[in-house]
Amino acid sequence: MSRILLIVGGGIAAYKAAELIRLARKAGHMVTPVLTAGGAHFVTPMSLAALAESPVYTSLWDLKDEAEMGHIQLSRAADLVLVCPATADLVAKMAAGIADDLATTLLLATDKPVVVVPAMNVRMWQHAATQANIAALRTRGITVIDPDEGPMACGEYGPGRLPEPAAILAQILPDTESGSGAVGATLAPLAPLHQPAASPPPRSGEALKGRHILVTAGPTHEPIDPVRMIANRSSGKQGFAIAAAAAQAGARVTLIAGPVALPTPGGVARIDVETADQMAAAVEAALPADVAILVAAVADWKVVASARKLKKADGAPRLEFAANPDILATLGQHPDRPRLLIGFAAETDNVVANASAKRLAKNADWIVANDVSGDVMGGDHNRVHLITAAGAKECPEATKEEVAQYLIRRIIEDLA
Ligand code: C5P
């Protein structure tokens, strides 16, 4: 039996602390929860108290009777202090030695082993400040369990998820058989918790080395006459973000861009085009490619354009349209079809059904379906479903850069 002082920080992962308490109790351990003000926005003291069968401490001023249960005593009555989930803020305060609430005061006062399980947004986790703070904690002998990688509640993808409570318990109290009701567990030695993963993920900049990735982005402009044209509202941001992420992962990237005012991402070879016909020709010329990601909002029709400027005096013109080449469908049937062919589908309704049909019709491997019922076109966020032969996976709203990172990770996995 171990006595765990469990500090529950703020964040959506706080709900997993409740499950962790349940499992720890079932295995015969004692848990004393301490809930931060942030944590209390996600779980209630009442639910933690019921599961822990212990009072829950939320503020320094809960400890009315200093003689009976002061913060020093509370911090030392445990065998182990577990901070789960630990927010970026809590980690930063621990690193700086700030003690401005009960949780941070206990952490400064304890003489017991401390295990920190961070959970936060991927960018916050990867931020140099957070990484420096984590490194500082580790240097001081605090055990930090690396977060899991995956889709996150905030809609992004990457490392930052709280590991499953059973996995956390298995690491800190390895004798605990999760859910079995085993008793008599002893505290794990702390050092082995940092053992590197069996197969570390490829480092950024290497994973797509030697691959050629073709990306189309932006709108096409279809001329009506020498001065007028038909366009659409595609900003090119999503395609440019994908090209940037592919280049960062080490790929040779050819970006075929319709008319957009965006800087060329580092390490990307950009070819500017205007019309769908030009885009189709540029794609053809860029083959072969290992992966093609066709993000461009290609105009479905071109206008049979007038060689001379249409005159107002001639009255409202009757425009004649002709179909544009479907670049994605063409690549789907091409002898040099890229091994992984990915299309995008902007939909306002029946997003998954329409995009799934498009995947089959165009012989694409994946379709990234974006719900454009909001302000996706031109905006900085995207709400996508990834449709593969295995079905549709919904990704919550994220920035276009995060969608790009997610897609590139999936591509790396697929090519591996
Ligand atoms: O049929 P729809 O335009 O919705 O299909 C969208 C997908 O097909 C996107 O990947 C887009 O880049 C691609 N596309 C294309 N050529 C077209 C029309 C769309 O490559 N003429």
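Which polar backbone atom lies 2.8 Å from a nitrogen atom of the ligand? In this predicted model, the backbone atom in question belongs to proline 325. Two further approaches to the protein backbone involve oxygen atoms of the ligand: one is 2.6 Å from a polar backbone atom of alanine 296, and one is 2.9 Å from a polar backbone atom of leucine 328. On its own the ligand would expose 450 Å², and 87% of that area is buried by the protein. The surroundings of the ligand include Leu294, Val298 and Asp300, and a run of neighbours made up of Pro325, Asp326, Ile327 and Leu328 also takes part. Gly343, Phe344, Lys358 and Lys362 are likewise among the residues around the ligand.

Turning to the chain as a whole, the secondary structure amounts to 14 helices and 19 strands. The protein chain has 416 residues, of which 48% count as buried. Its accessible surface is about 19,300 Å², with 55% belonging to carbon and sulfur atoms. Of the contacts between residues at least 6 apart in sequence, 65% join residues at least 24 apart.

Charged pairs are a good place to look next. Side chains of opposite charge can pair when their charged atoms come close. The count here comes to 18 salt bridges. One of them joins arginine 409 and glutamate 149, with N to O at 2.9 Å. Arginine 409 belongs to helix α14 (residues 400-415) and glutamate 149 to strand β6 (residues 148-151), so this salt bridge ties together parts that are 260 residues apart in sequence. Both partners keep some contact with the surface probe: arginine 409 is partly exposed at a relative accessible area of 30%, and glutamate 149 is partly exposed at 38%.

A second pair brings together the side chains of aspartate 371 and arginine 383, with a distance of 3.2 Å from N to O. Here the link runs between strands, with aspartate 371 in β17 (residues 366-371) and arginine 383 in β18 (residues 381-388), 12 residues apart. Aspartate 371 counts as buried because its relative accessible area, 16%, falls under 20%. Its partner, arginine 383, is partly exposed, with a value of 30%.

Aspartate 314 and arginine 308 form another salt bridge, in which the closest N and O atoms are 3.4 Å apart. In this case aspartate 314 is exposed, with a relative accessible area of 54%, whereas arginine 308 is partly exposed at 48%. Elsewhere, salt bridges link Asp89, Lys93 and Asp100 in a network.

The loops offer two more details. Threonine 87 sits in the loop between β3 (80-86) and α5 (88-96). This residue is buried, at a relative accessible area of 16%. Apart from neighbours within four places in sequence, threonine 87 is in contact with Gly9, Gly10, Ala119 and Met120. Isoleucine 12, for its part, is located in the loop between β1 (3-8) and α1 (14-26). Together with Tyr15 and Phe42, Ile12 forms a nonpolar patch on the surface, and the accessible area of the three comes to about 330 Å².

Terms used
Residues numbered from 1 in each chain as written. Predicted model: local features only at pLDDT ≥ 70, side-chain atom pairs only at ≥ 80, totals over all residues. Heavy atoms only, no water. Salt bridge = Lys/Arg side-chain N within 4 Å of Asp/Glu carboxyl O. Helix = DSSP H or I, 4+ residues; strand = E, 2+ residues; numbered from the N terminus. Buried < 20%, exposed > 50% of the residue type's maximum accessible area, 1.4 Å probe, protein only. Patch = residues over 30% accessible without salt bridge, like charges linked within 9 Å, V, L, I, M, F, W, Y side chains within 5 Å. Areas by Shrake-Rupley, 256 points an atom, 1.4 Å probe, with all protein chains shown as cover. Near = heavy atom within 4 Å. Polar contact = N/O pair within 3.5 Å; in protein donor to acceptor, adjacent residues only side chain to side chain. Contact = heavy atoms within 4.5 Å.
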